[in-house]
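User: Please take a close look at the aromatic rings in this structure. I am a first-year student, so start with the basics and show me the surroundings too.

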Amino acid sequence: MSIEKNIQIVKDFFAAIGRGDRQALLALVAEDIKWIVPGEDWPLAGTYRGHAGLADLLDTASRSMETSTEPQEFVAQGDRVLVVGFARGKVKATNKPFEDDWIFAITVRDGRLTRIQEYIDTQALARAAQMDASGAV
């Protein structure tokens, strides 16, 4: 695939996320996709594999967070597309807001996303998910 086509596939992926279109997301990712969300002490941290893992990530995200994601720049070479963006939102359990500048390193093969590695502000997300010692927010 050309670099331009890979960028368009990734743009379509983010558009599907924005619409909440699960069917379109599944059509754009490989059955053996691997999505890595770094960090700990916040709801989405972990490695998600396959369509079932993607569904789990989306379910966890919708249950635990309100967020808006804005991809701002797409840089590609070969089968890799780097997406630079910004997100803001809140963790539902604590009602604490966060802002996050991020980069997603995405691999596209045969017209489908096969790997997503997020580089995000894990401290901002962990702070937003943190409750005080009594369990209160």
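Analyst: Two residues are in contact when heavy atoms of theirs lie within 4.5 Å. Keep that in mind for what follows. The model is predicted.

Take G50 as a trial run. G50 lies in helix α3. Set aside neighbours within four places in sequence, and G50 is in contact with E31, D32 and I33. Is G50 buried or exposed? The cut-off for buried is under 20% relative accessible area. G50 has 10%, so G50 is buried. Now look for M131, 81 residues from G50 along the chain. The C-alpha atoms of G50 and M131 are separated by 32 Å.

Next, the whole fold. The protein has four helices and six strands. Along the sequence they follow the pattern α-α-β-β-α-β-β-β-β-α. The C-alpha atoms fill a box of roughly 55 × 30 × 25 Å, taken along the principal axes. A compact globule of 137 residues would have a radius of gyration near 14 Å, and the 15 Å of this protein agrees with that. Of the 137 residues, 39% count as buried. Consider the contacts between residues at least 6 apart in sequence: 49% of them join residues at least 24 apart.

The outside can be described as well. About 7,500 Å² of the protein is exposed, and carbon and sulfur atoms supply 49% of that area. There are 16 positive and 20 negative side chains. The centres of these two sets lie 2 Å apart.

Now the rings. A pair of aromatic rings is described by the distance of the centres and the angle of the planes. How many aromatic pairs does a search of the whole structure find? It finds six. One of them is F13 with F14. Their ring centres are 5.7 Å apart and their planes stand at 85°, so this pair is edge-to-face. F13 has a relative accessible area of 0% and is buried. F14 is buried too, with 9%.

F14 also pairs with W102, and this pair is stacked. Here the distance is 5.7 Å centre to centre, with 10° between the planes. Which parts of the chain does the pair join? F14 is in helix α1, residues 3–19, and W102 is in strand β5, residues 96–109. The pair therefore ties together parts that are 88 residues apart in sequence. Both F14 and W102 are buried. Step back once more: F13, F14, W35, W102 and F104 form one aromatic cluster.

Follow helix α1 to A16. A16 is buried, with a relative accessible area of 0%. Beyond its neighbours within four places in sequence, A16 is in contact with D21, A24 and L25. A16 and L28 are 12 residues apart in sequence, and their C-alpha atoms are 9.2 Å apart in space.

Then follow strand β5 to its surroundings. N95 sits in the loop between β4, residues 80–91, and β5. Its phi is near 60°, a positive value in a residue other than glycine. N95 counts as partly exposed because its relative accessibility is 48%. D110 sits in the loop between β5 and β6, residues 112–119. Phi of D110 is near 50°, again positive in a residue other than glycine. D110 is exposed, with a relative accessible area of 77%.

Strand β5 also helps to cover a helix. In helix α4, residues 122–129, the residues A124, L125, A126, A128 and A129 are buried. What covers the buried residues of α4 includes β3, residues 65–77, along with β4 and β5.

Last, go back to helix α3, residues 50–64, where S64 is found. S64 counts as buried at 13% relative accessibility. Not counting residues up to four places away in sequence, S64 touches P43, L44, K90, V91, K92 and A93.

Keep one picture from this tour. A stacked pair joins helix α1 to strand β5, and both of its residues belong to a cluster of aromatic residues.

Conventions
Residues numbered from 1 in each chain as written. Predicted model: local features only at pLDDT ≥ 70, side-chain atom pairs only at ≥ 80, totals over all residues. Heavy atoms only, no water. Helix = DSSP H or I, 4+ residues; strand = E, 2+ residues; numbered from the N terminus. Rg over C-alpha atoms; globule rule 2.2 N^0.38 Å. Buried < 20%, exposed > 50% of the residue type's maximum accessible area, 1.4 Å probe, protein only. Areas by Shrake-Rupley, 256 points an atom, 1.4 Å probe, with all protein chains shown as cover. Lys, Arg positive; Asp, Glu negative; His and termini not counted. Charge placed at Lys NZ, Arg CZ, Asp CG, Glu CD. Phe/Tyr/Trp six-rings, centres within 6.5 Å; stacked < 30°, edge-to-face > 60°.
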